[in-house]
Amino acid sequence: MWNLYANQERWLSEMATVVFFHAHPDDEALSTGGTMALMAEAGHRVILVVATRGEEGEPVEGILKDGEKLEDRRSLETEQSGKILGVSRVEFLGYRDSGMIDSSTTAHPECFWQADESAAVSRLTNILKDEKVDLIVVYDPNGGYGHPDHIQVHRVGTKWAEENGVRLRWVTLNRDAIRRVVEEAIKANIEAGQELDSDLAKREERSSDESFGMAESDITHAIDVVSVLDQKRQAVATHASQIASDSFFVTLGNEEYSRAFGKEWYVDPNFPRGTEELLRTDLLLN
Ligand SMILES: [Zn+2]
């Protein structure tokens with residue numbers, strides 16, 4: 001551990017290659033878009049690998065042209081989002097979207113949930129064979145909120161990292177921060193004498209669920225992405241087949257947006273944060 005700390009300065013002064021491994025098109029923008037933009041801006045090589053093309057997504061009504069397949073549209077959106085975020089390479093692992101846990105699509109033989117773990121690891125190895133990867137980002141063990149493809153990204157990415165001796169980060173949702181934002185919104189709702197928004201009530205319930213994201217005390221890194229928020233928002237909006245132009249992700253005022261999405265949260269599973277230690281502000285820092 002101390003050796004790694006001693007090497008920190010050298011490590012930080014060099015350009016790193018960082019892989020962001022995601023489950024579906026739009027996950028990259030929504031959950032790690034700011035960090036990707038910041039790292040690319042700092043000169044690091046940022047690679048995006050997406051496990052599926054999001055076949056099971058619900059397209060915004062009327063958005064697809066006649067005969068256009070959702071997965072083709074979503075692939076284009078991902079390429080575009082990658083450009084906005086400064087990504088050097090966008091790759092797809094080639095599995096099918098598994099859909100939600102209780103749907104029959106999770107039994108599809110080509111879906112990511114059904115994938116043989118070592119076969120999936122081999123595909124990733126093959127994509128990254130000419131790269132000198134320093135760090136790979138996957139989801140936390142529950143995939144943030146329990147989606148089978150997100151859980152599978154965690155498993156496959158972790159195994160790949162172990163086999164290749166590459167450092168690992170989990171992107172997660174900060175359950176406590178979300179609860180604070182929701183509580184504030186509910187308070188504002190009540191103060192304004194309005195009836196409680198059912199969406200807010202749902203969010204409040206979700207943010208108190210122990211399987212949703214992680215507790216702030218378990219999080220090691222908080223990346224402030226406010227300086228690249230425009231890029232993040234543009235990348236999110238690029239996924240127009242999923243995120244309607246009147247969705248709050250697109251319409252929220254900049255101030256509210258930066259309060260809700262101005263930080264991206266990560267865990268270094270190998271270097272937990274001490275009780276007195278502050279959250280680390282650079283993803284490359286151990
Ligand atoms: Zn997803």
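**Helix packing and the seven-stranded sheet**

Helix α7 crosses helix α8 in a left-handed manner. This pair offers a point of entry into the structure, which is a predicted model. Helix α7 covers residues 175-191 and helix α8 covers residues 198-207; their axes lie 9 Å apart and form an angle of about 150 degrees. Angles over 145 degrees count as roughly antiparallel, and α7 is therefore roughly antiparallel to α8. From α7, the residues R175, I178, R179, V182, A185, I186 and N189 meet L200, R203, E204 and S207 of α8. By class, the residues of this α7 and α8 contact comprise 5 nonpolar, 2 polar and 4 charged.

The overall composition and dimensions may be considered next. The protein contains 11 helices and 7 strands. The C-alpha trace extends over about 55 × 55 × 35 Å along the principal axes. For a compact globule of 286 residues a radius of gyration near 19 Å would be expected, and the 19 Å of the protein agrees with that expectation.

The sheet is described here from its strand order outwards. It is an open sheet of 7 strands with mixed pairing, arranged in the order β3-β2-β1-β4-β5-β7-β6. Its edges are formed by β3 (89-95) and β6 (221-224), each of which pairs on one side only. On average, and with direction ignored, neighbouring strands of this sheet are turned by 25 degrees against each other. Within the sheet, β4 (residues 135-139) and β5 (residues 167-172) pair in the parallel sense through 5 bridges. At the level of residues, L135 has R167 of β5 as its bridge partner.

Helices also pack on this sheet. Helix α5 (residues 117-127) touches β2 (45-52) and β3, and the direction of α5 makes about 155 degrees with that of β3. Helix α6 (residues 148-164) lies across β1 (17-22), β2, β4 and β5, and runs at about 155 degrees to β4.

Helices α5 and α6 also meet each other. Their axes come within 9 Å and cross at roughly 65 degrees, and the crossing of α5 past α6 is right-handed. On the α5 side the contact is made by E117, A120, V121, L124 and T125, and on the α6 side by R155, V156, K159, W160 and E163. The residues of this contact divide into 5 nonpolar, 1 polar and 4 charged.

A further helix pair is formed by α3 (residues 27-41) and α9 (residues 229-238), which pack at an angle of about 140 degrees with their axes 9 Å apart. Roughly antiparallel packing requires an angle over 145 degrees, and α3 and α9 are therefore oblique to each other. The crossing of α3 past α9 is right-handed. Helix α3 contributes A29, L30, G33, G34 and A37 to the contact, while helix α9 contributes L229, Q231, K232, A235 and V236. These contact residues of α3 and α9 comprise 6 nonpolar, 3 polar and 1 charged.

Key: Residues are numbered from 1 along each chain as its sequence is written. This is a predicted model: local features need pLDDT of at least 70, side-chain atom pairs count only at pLDDT 80 or more; totals for chains, interfaces and linings use all residues. Axes are lines fitted to C-alpha atoms, for helices over the stretch in contact, and angles run from 0 to 180 degrees between N-to-C directions. Helices (H or I, at least four residues) and strands (E, at least two) are DSSP runs, numbered from the N terminus. Angles under 35 degrees count as roughly parallel, over 145 as roughly antiparallel, 65 to 115 as roughly perpendicular and the rest as oblique. A crossing is left-handed if the near helix is turned anticlockwise from the far one by less than a right angle, and right-handed if clockwise. Two residues are in contact if their C-beta atoms, placed from the backbone, lie within 7 Å. Ala, Val, Leu, Ile, Met, Phe, Trp, Tyr, Cys and Pro count as nonpolar, Asp, Glu, Lys and Arg as charged, and the others, Gly among them, as polar. Two strands pair if DSSP finds at least two bridges between them. The radius of gyration is taken over C-alpha atoms; the globule rule is 2.2 Å times the number of residues to the power 0.38.
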